[in-house]
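Student: Could you take a close look at a single part of this model, working outward from one side chain and its partner? I would then like to see how that part sits beside the rest of the chain.

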Amino acid sequence: MKRTLPIIIVLLAIVLVWYAAAIGMNAQWQNDVYRRADITNVPATQFIIDTWNQEKPVLPTAHQVFGELWNSTALVAPNKPRSLIFHAWVTFSATALGFVMGSLLGIALAVMIVHNEAMNRSLMPWIVASQTIPILALAPLIVVIGFNIFTGTMGIPTDPARLMSKAIISAYLSFFPVAVGMVKGLRSPEAIQLDLMHTYSASANQTFWKLRWPAAMPYLFASLKVGVAASLVGAIVGELPTGAVAGLGARLLAGSYYSQTIQIWAALFAASILAALLVIAVGIVERLVNRAMGARPA
């Protein structure tokens, strides 16, 4: 109870601020509705209830958002385009593929940087510089190039072309934290530990697998948790310039076209839930790996 009480208090505070903000942000539109209908002397309680239940509010309330989440998940078949589960699966597919690609690339770059000083001097500055380019500016270029490569034409892109284009954007965002974290992890063994491996006449491969790699595991999984969240953001951003009709990004775009703010917020919450599940999945893998390596549970 001592652990959950602070969480409950914070959640209640957020909900109270949320509903209070909804009154202020939706008040102008509600006053316009009353004026057009020639309605006057509306009780304060009725006014508040009306601001909390508008069809297209500026700021939807919690019960509207979670009602839309329920209606678009539990009450719709998951294979239908109206289902958020359907859109979440499309986004997850690109996220998972991009995360795997980005993680492998980040680990490979880290290994080269740690074992080769020339690679360290030449690659590391470019890796850092790559993250200064805004992804919103880079995503359309990657999408166009991806369509050309995977379809061979500038015509209508196929589903694999869309998937690979989004996966590349996800990989672009996810490889950086993995690369930086693994460089730190592979360099974490102390000099006395490396000297001990030399004393045992260990080869470079043995030093890597027996010392550097196990020492890098905490850094790797911490970076993977950041990378999987960044990969999800990349997949959603990648859906925006592709003209996609499926995916959480496409759901957000459709909601903005038709001013469906409740739909937008429901998609945002669905993306947050998906991100949390992905981070939890990485944490479960971390615990399994630590147990297999004989590490004591924290």
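**A charged pair and its setting**

Tutor: Arg-121 is exposed, with a relative accessible area of 66%, and this value, like every other one here, comes from a predicted model. The partner of Arg-121 is Glu-117, with which Arg-121 forms a salt bridge whose closest N and O atoms lie 3.3 Å apart. Glu-117, at a relative accessible area of 45%, is partly exposed, because that class covers values between 20% and 50%. The two residues belong to helix α5, which covers residues 117–130, and because they are four residues apart in that helix, about one helical turn separates them.

This pair is one of five salt bridges that a search of the whole structure finds. A second one joins Glu-239 to Lys-166, again with the closest N and O atoms 3.3 Å apart. Here, however, the partners come from separate helices, Glu-239 from α9 (residues 204–239) and Lys-166 from α7 (residues 159–186), so this salt bridge ties together parts of the chain that are 73 residues apart in sequence. The accessibility also tells another story: Glu-239 counts as buried at 0% relative accessibility, and Lys-166 counts as buried at 5%.

A third salt bridge is formed by the side chains of Glu-68 and Arg-251, with an N to O distance of 3.6 Å. Glu-68 lies in helix α3 (residues 62–71) and Arg-251 in helix α10 (residues 248–257), so the parts that this pair ties together are 183 residues apart in sequence. Arg-251 counts as buried, at 12% relative accessibility.

Arg-251 leads on to a histidine, for Arg-251 is among the residues in contact with His-87 once neighbours within four places in sequence are left aside; the others are Pro-81, Val-245, Ala-246, Gly-247 and Leu-248. His-87 itself is placed in helix α4, residues 84–115, and with a relative accessibility of 4% it counts as buried. A polar atom of the His-87 side chain lies 2.5 Å from the backbone oxygen of Pro-81, and Pro-81 is thus listed both as a contact of His-87 and as the residue that supplies this oxygen.

Helix α3, which holds Glu-68, also marks one end of a loop worth examining, since Gln-54 lies in the loop between α2 (44–51) and α3. Gln-54 counts as buried at 7% relative accessibility. Residues up to four places away in sequence aside, Gln-54 touches Asn-26, Trp-29, Gln-30, Gln-64 and Ile-262. Two of these neighbours can be described further: the side chain of Gln-54 reaches the backbone oxygen of Asn-26 at 2.9 Å, and a polar contact of 3.0 Å joins the side chains of Gln-54 and Gln-30. Gln-54 and Gln-30 are 24 residues apart in sequence, with their C-alpha atoms 8.1 Å apart in space.

For a contrast with these polar partners, one may turn to helix α11 (residues 261–292), where Ile-273 is found. At 46% relative accessibility, Ile-273 counts as partly exposed. Together with Leu-277, Ile-280, Ile-284 and Leu-288, Ile-273 forms a nonpolar patch on the surface, and the accessible area of these residues together is about 470 Å².

Set against the whole chain, these parts belong to a fold with 11 helices and zero strands. The radius of gyration is 25 Å, well over the 19 Å that the globule rule gives for 298 residues, so the chain is more spread out than a compact globule. Along the principal axes, the C-alpha atoms fill a box of roughly 90 × 60 × 35 Å. Even so, 72% of the contacts with a separation of 6 or more are between residues 24 or more positions apart. Of the 298 residues, 40% count as buried, and the chain exposes about 17300 Å², of which carbon and sulfur atoms supply 70%.

Note on methods
Residues numbered from 1 in each chain as written. Predicted model: local features only at pLDDT ≥ 70, side-chain atom pairs only at ≥ 80, totals over all residues. Heavy atoms only, no water. Patch = residues over 30% accessible without salt bridge, like charges linked within 9 Å, V, L, I, M, F, W, Y side chains within 5 Å. Areas by Shrake-Rupley, 256 points an atom, 1.4 Å probe, with all protein chains shown as cover. Salt bridge = Lys/Arg side-chain N within 4 Å of Asp/Glu carboxyl O. Buried < 20%, exposed > 50% of the residue type's maximum accessible area, 1.4 Å probe, protein only. Rg over C-alpha atoms; globule rule 2.2 N^0.38 Å. Contact = heavy atoms within 4.5 Å. Polar contact = N/O pair within 3.5 Å; in protein donor to acceptor, adjacent residues only side chain to side chain.
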